[in-house]
Each structure stands twice: as C-alpha cells, then as structure tokens.
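Here are a few exercises to work through with the coordinates open. Try each task before you read its solution.

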Amino acid sequence: MPTATDTPDPAFGHSTRKQRIWRVGLIVVAVILIVAAVLIWRHHEATEAAAAAARRAAAAGITVTTATAKTGDISVYLDAIGTVTPVYTNSITSQVNGLVVAVGFKEGQLVRKGDPLIEIDSRPYRATLLQAQGTLERDQNVLAQAQMDLTRYRAALARNAIAQQMVDDQEKLVLQDQGTVKNDQGTVQFDQLQVEYCHITAPISGQIGLRLVDPGNVVQATGTTTLAVITQMQPITVIFTLPEDSLGPVVGRLRENAKLSVDVFDRTAQTKIASGQLLALDNQIDTTTGTVKVRSIFDNKNSALFPNQFVNTRLLVNTLQGVTLVPASTVQQNGQSSFVYVIQNDVAHLRAVKPGVTDGGMTQVDSVKSGEIVADSSFDKLQDNAKVAVSGTPTTATNASGTSAP
C-alpha cells in the first residue's frame, strides 16, 4: 500500500508544467529574434552592395550607343491607298441585228486599234445597199436628163422660140431631181454604214477580256449584251485620295510646273511595283471624306499594274535640302514634347527638339547641330546630366536615300 510520502502534490505538478511552457516560449522568442537579426543583417548587406554597385555604375557611367547628327536632304512624301484604273475601257456592243458568223480574237489577247474582232452576217445589209445604189443611179440619170432639157430650153428662149414659163418650170424640175439624188445618197451612206457595223473592229489598243459571244449567236442593236471588253494597259493610271489638309503643298508644286513622282507598292507596302508621275487633281473635294481624288500615270511596260488592283502609293511632294538629320530611334517622346540626349564630355544632356519629316529611318530635327553626338540606347536609365560610357563606334546618320549625308 502506498505511503503518505508517495502521494503526488497537485500544486507542485501544475507549477512544473507552467515552467516548461515558459521555457519553450522563451526559446521560440529567442529563435525569432535571431532569425530577424540575420534577415536584417543580410538586407543591410544587399542594400550596401546595391548602393556600392550603383556608385560604381555611376562612376563608370551608363553604357549607351550613339549616333552622329549630319546635314543632308530628306524627301517629303504623302502616303495613300489607291486603285489601278485604265485610261480607256471599252465595252463593245452590236449596232446592227444579225447572226454572229466569226469571232476573230483569243481571250486575253493584246489587240491594236482597227484589228477585226467579230463578224456579223452582212448579206441582208449588202442587199439593201445594192438597192439603194440602184435607186441613186436611176435618179442621177433623171437629174442629168432634166439638166439637158434645161440647157435646150434656155437656148430656145434665147431665140424666142418658147415662153419664159417653160424655162422656169424646167429649172424647178432640176432642183427637185437634185433633192431626190441627195436623198438617195444619204440612203446609200446609211446602208454602207450598216455593212461596216457588221465588221466590228477594236476601237482602242489594249487587252481583250474573256469571250462573251460565240459564232451562231444572234445579237440585237437594241440589246445590252456586251460582245467584248477591251482595257488599255499601257499606259495605265492609279487613282488615290489625299486629305484636303495636304492639298496646299501639292497645288503649290503643280503651279510651279513641277513633275511630282509617284511610287506604287503592293498590298503589304513592302515591294515597289512601278514609278510614275502625278497626272491631275480632281476639281472638287469630297465633303463626306474630306479628301480629293488624284490620278497618276504609269507607262506599265512590264504590265505589273493590273486594272482594279489595290495598291499603296507614295507621292513625292518636295525634298528638303541641307537640314539636320538624326536616326528616328534617337528621338524620344514625353507626352506632347520630344527630346534627345546630346552627349558632351561623357555626360548626357536632355535637349528638347521639334521633329519634322521622317523618311527611311531618319528624322529632321531642329535644336541639334550637325556633328553633335546623340544617345541611341539605354533610354530607360538615362537622365539629364547623367554620366555615360559610349559603347562602340557612333552610328553615322544617313539620309533618306540610304547614303551618308554630307
């Protein structure tokens, strides 16, 4: 049996548990404090390292590539979209009724003005022409007989053999016969024209389209059936539109009798198709779009331009000479203002500029002199008066044509 000394004291056991909890808590707090101290120390070291690196970078300067501003020429272009439009397009229809007896062309053939295209049965019209010619010959002889009688009557009147009335009557008969002959001549000319209409020829030189009529078809003069379509291919034009705000410089150059060149590019605006000249401006502005139509002409010797083809156009309005040029990539934007970083004595100086014409990767700027060095990279790090280190050889500015500016 247990003795009195073996019975546990409840108060003592409770105190021991509390002491153990306090010891565990102190250990946890100590560990947390140690971890926090280590983190703070490492953060301080990282901050010091970053600051040291920044000081070293600042001492060494921000590495940038540069370009040299140059004086050169740059072209002023107006870009637009256009459509290839033939100068002439003829839809040929029949002017007489009749049976098609022959088609004298191949689909897609290049024809010259006057080449035979379609033959219509002309026999009925030649028969009518023959009748009209016979009537004309008869009436011409009747007129000749009346004129001979008039000559005899006048001779008789001179001898007082007949009365004046007979001469007057014969003169009027001659005039009547002359009118009849004129009427017959008109009939003959009309019938000759009908025979000519049976032989359809090309009214212009160009390329003929797909065949729309076959031998054996009957055509009508009053019908709307198209027998063939001819499109002039050389030369050919391109019609495009310009904003009315750009009309002033173009009109000014035309008043100077300048020949404005137009370049045509494909749908992607990457491949140049042809070069031509501005031909004419429309005589009014389209109020719904605020644009004016422009026609340019191209010789199209290689038939690269095809009717109704969609193209991109570039109209050369003017060429600015002796302006300061820098690569377009050196000009930066800050809201509505533009600026460049001019490098002087390994220090970048922010300078506001007003960019002008851009072409071929080059931009016209003011406030920059030819020969000055401008930054062309590291714009996310650059600031005004920042120290820089130039990397490599400065890039030389080129003009719009791709050659070094003088």
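**Exercise 1: a long helix and its cover**

The cover over the buried residues of α2 includes α3. Contact here means heavy atoms within 4.5 Å, and buried means under 20% relative accessible area, with exposed over 50% and partly exposed in between (1.4 Å probe, protein chains only). Helices (H or I, at least four residues) and strands (E, at least two) are DSSP runs, numbered from the N terminus.

Before you start, note that this is a predicted model, in which local features need pLDDT of at least 70, side-chain atom pairs count only at pLDDT 80 or more, and totals for chains, interfaces and linings use all residues. Residues are numbered from 1 along each chain as its sequence is written, and side-chain values use heavy atoms, with hydrogens and water left out.

Task: list the buried residues of α2, then check what its span should be.

Solution.
- Step 1: the buried residues are Tyr125, Leu129, Ala132, Leu136, Asp139, Leu143, Ala146, Asp149, Leu150 and Ala156.
- Step 2: the expected span is 1.5 Å times one less than the number of residues.
- Step 3: for the 36 residues of α2 this gives 52 Å, and the end C-alpha atoms lie 53 Å apart, which agrees.
- Step 4: look just past the helix, where asparagine 160 has a positive phi, near 60°.

**Exercise 2: the nonpolar cores**

Task: find which elements supply the largest nonpolar core.

Solution.
- Step 1: a nonpolar core is a set of buried Ala, Val, Leu, Ile, Met, Phe, Trp, Tyr and Cys residues joined through side-chain atoms within 4.5 Å.
- Step 2: the largest such core has 30 residues, and Leu117, Ile118, Ile120 and Ile230 have the most contacts inside it.
- Step 3: at least two residues come from each of β7 (116-120), α2 (123-158), α3 (164-197) and β11 (228-231).
- Step 4: the biggest contribution is that of α2, with 7 residues.
- Step 5: a second, separate core has 22 residues, among them Leu78, Val238, Val250 and Ala258.
- Step 6: return to isoleucine 230; beyond its neighbours within four places in sequence, its contacts include Tyr88, Ile92, Val111, Leu117 and Ile208.

**Exercise 3: an open sheet**

Task: give the strand order of the 4-stranded open sheet and say why one side of each edge strand lacks a neighbour.

Solution.
- Step 1: two strands pair if DSSP finds at least two bridges between them.
- Step 2: the order is β4-β11-β9-β6, with antiparallel pairing.
- Step 3: β4 (89-92) and β6 (110-111) are the edges; each has a single partner strand, so one side of each is left without a neighbour in the sheet.
- Step 4: β6 joins β9 (residues 206-208) through 2 antiparallel bridges, and valine 111 has glycine 206 as its bridge partner.

**Exercise 4: strand β18 and its partners**

Task: is β18 enclosed, and which strands does it pair with, or is it open?Solution.
- Step 1: 6 of the 8 residues of β18 (residues 337-344) are buried, so the strand is largely enclosed by the rest of the structure.
- Step 2: β17 (residues 332-334) pairs with β18 in the antiparallel sense over 3 bridges, with glutamine 332 facing phenylalanine 339 as bridge partner.
- Step 3: this hairpin has 2 residues between its strands, and glycine 335 takes a positive phi near 70°.
- Step 4: β19 (residues 347-353) runs antiparallel to β18 and is joined to it by 7 bridges; glutamine 344 stands opposite valine 347.
- Step 5: β18 and β22 (residues 373-375) are antiparallel and share 2 bridges, and valine 342 stands opposite valine 374.
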